[in-house]
Amino acid sequence: MPLEPSVPPRGATDPRAARVVVVGAGLAGTQTAAALRAHGHTGTLTVVGDEDLPPYDRPPLSKELMSRTEPAWLSAELGADLTALADEVLLGDAARVLLPSSDGARVVTASGRTLDADVVVLACGSRPVRPAGWDGAVVLHTADDAAALRSRLRPGVRLVCVGAGWIGAEVAGAAARAGCDVTVVEAAGVPLHRQLGTVVGEHLGAWYASAGVRLLTSATVTGVTSRAVHATDASGRHHELAADVVLVAVGARPATGWLDGAVRTDARGAVVVDASGRADLPGAPPGSVRAVGDCAVRADGAWGTVPGGHWSAALLDPDAVARSVLGLDAPARPAPYVFSTQLGHDLALLGLPDVASDDVVLRGDPGTPGTGWGALYVDRTGRVTGILAVDSPRDVGGARRLLAHGPVELDVGRAADPTVALRSTVRVDAG
């Protein structure tokens with residue numbers, strides 16, 4: 001049965017006529033607007049964005065830093081023209097206040113605009129972390145950040161990246177190919193420790209040397225200026241790394257500080273939502289506020305709790321949220337998905353592994369040059385919670401299908417053999 005519309009629009013009973021305000025003009029916000037219109041929304045639609053640029057995709061900013069000189073505009077990449085979808089697009093006018101109202105919610109922007117809505121969809125994304133005192137370093141999050149960084153990365157320039165996560169690795173590889181002198185400093189013992197875990201991370205360190213990048217791991221950064229990074233390694237030795245450019249890539253947090261406690265958030269600042277994207281705004285009718293993309297953490301019947309930060313959340317979750325706004329059923333969501341192109345390698349991670357506790361079963365041999373490999377993350381009940389494919393595009397589709405409905409029981413012994421198709425490794429006695 002269709003969902004009951006949470007908020008009857010003012011003066012109307014048809015949820016398709018609701019007044020909707022989308023806060024965020026990035027991928028999640030644009031996809032929300034497109035999904036609303038595709039599913040029959042005829043009411044007013046206003047989109048608010050803090051940048052003064054049309055919507056663009058963020059992954060190419062780091063993956064294609066040196067090869068793409070202008071943003072990947074969503075109007076071209078996805079055919080989603082926000083100006084055609086929305087009645088009003090307010091770019092360069094960030095949301096500053098979210099308030100309840102008797103028939104929905106109200107957004108106040110930096111310019112003082114007051115926008116009343118039956119439904120507000122928060123798609124406000126994330127912000128890079130910049131530790132206190134590191135003002136001399138740059139970050140990479142916006143198209144302007146990418147343009148400024150690109151203009152400084154010339155052959156011979158000394159770049160120090162703090163952080164060997166997705167962004168740090170992608171930029172380091174791109175800069176080294178452009179002739180820069182690149183050093184990456186990482187607090188953990190291996191690259192991508194937080195994202196992929198120790199077992200997998202141990203196989204990635206060699207990529208840096210092969211790409212002409214120095215990697216310093218188990219290093220505590222004690223100071224950052226515009227000209228140097230100071231770090232102490234595990235042996236207690238101090239390193240002063242001279243730099244022409246210092247890039248901080250130590251993570252991101254939901255861009256929800258402006259909400260000032262108006263809705264419930266978790267410890268990281270992500271808006272807590274149910275499976276349909278509903279958040280709770282005290283004083284407003286139920287369902288007046290939704291959240292999607294990087295700024296949200298949602299309940300999921302298959303995966304438990306799904307954090308934002310997955311590119312797939314911004315691309316695909318807006319469809320379910322739009323359907324919920326309109327009182328429509330939503331299909332099951334695919335497995336969380338993140339991809340990276342770094343240091344001459346392609347990585348795709350599907351699912352939601354607990355990299356700190358899951359066992360890791362390697363699929364193929366990471367030490368064999370020129371061959372793809374992967375990893376299966378297996379929880380204590382024997383279910384595969386995540387599948388990593390490295391330089392193995394044929395495994396991506398198989399992993400996506402296997403994890404379409406959540407963690408799955410596989411014959412991991414057979415799945416460890418890269419010559420065996422993943423789809424044929426499902427345990428027939430499972431369940």
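# A tour from Arg401 to Ala117

Select Arg401 to begin, a residue that counts as exposed because its relative accessibility is 58%, where exposed means over 50%. This is a predicted model, so the values given at each stop are computed from predicted coordinates. Arg401 lies in helix α11, which covers residues 393-402. Keep Arg401 selected and add Arg394, Arg400 and Arg423, since these four arginines gather in a patch of positive charge on the surface.

**The annotated spans**

Next, colour residues 339-425, the range that UniProt lists, in an unreviewed entry, for "domain: Reductase C-terminal". Over this range the chain is 16% helix and 33% strand, and a distance drawn between the C-alpha atoms at its two ends should read 23 Å. In a second colour, show residues 19-301, which carry the UniProt annotation "domain: FAD/NAD(P)-binding", again from an unreviewed entry. Here the span is 22% helix and 32% strand, with its end C-alpha atoms lying 29 Å apart.

**Two loop residues with positive phi**

Most residues other than glycine have a negative phi, and with that in mind the following two stops deserve a look at their backbone. Select Ser218, which is found in the loop between strand β13 (213-216) and strand β14 (220-224). Although Ser218 is not a glycine, its phi is positive, at about 50°. Is Ser218 buried, partly exposed or exposed? With a relative accessibility of 29%, Ser218 counts as partly exposed, because that class takes in the values between the 20% limit for buried and the 50% limit for exposed.

Move on to Asp260, in the loop that runs between β18 (252-254) and β19 (271-273). Asp260 likewise is not a glycine and has a positive phi of about 50°. Its relative accessibility is 72%, and Asp260 therefore counts as exposed.

**Into a strand**

For the last stop, select Ala117, which is found in strand β8, made up of residues 114-117. Ala117 has a relative accessible area of 0% and is therefore buried, the cut-off for that class being under 20%. With Ala117 still selected, add Ala105 and draw a distance from C-alpha to C-alpha: the two alanines are 5.5 Å apart in space, while 12 residues separate them in sequence.

How values were computed: Residues numbered from 1 in each chain as written. Predicted model: local features only at pLDDT ≥ 70, side-chain atom pairs only at ≥ 80, totals over all residues. Heavy atoms only, no water. Patch = residues over 30% accessible without salt bridge, like charges linked within 9 Å, V, L, I, M, F, W, Y side chains within 5 Å. Areas by Shrake-Rupley, 256 points an atom, 1.4 Å probe, with all protein chains shown as cover. Salt bridge = Lys/Arg side-chain N within 4 Å of Asp/Glu carboxyl O. Lys, Arg positive; Asp, Glu negative; His and termini not counted. Charge placed at Lys NZ, Arg CZ, Asp CG, Glu CD. Helix = DSSP H or I, 4+ residues; strand = E, 2+ residues; numbered from the N terminus. Buried < 20%, exposed > 50% of the residue type's maximum accessible area, 1.4 Å probe, protein only. UniProt positions renumbered as here; feature names shortened; annotations may be inferred.
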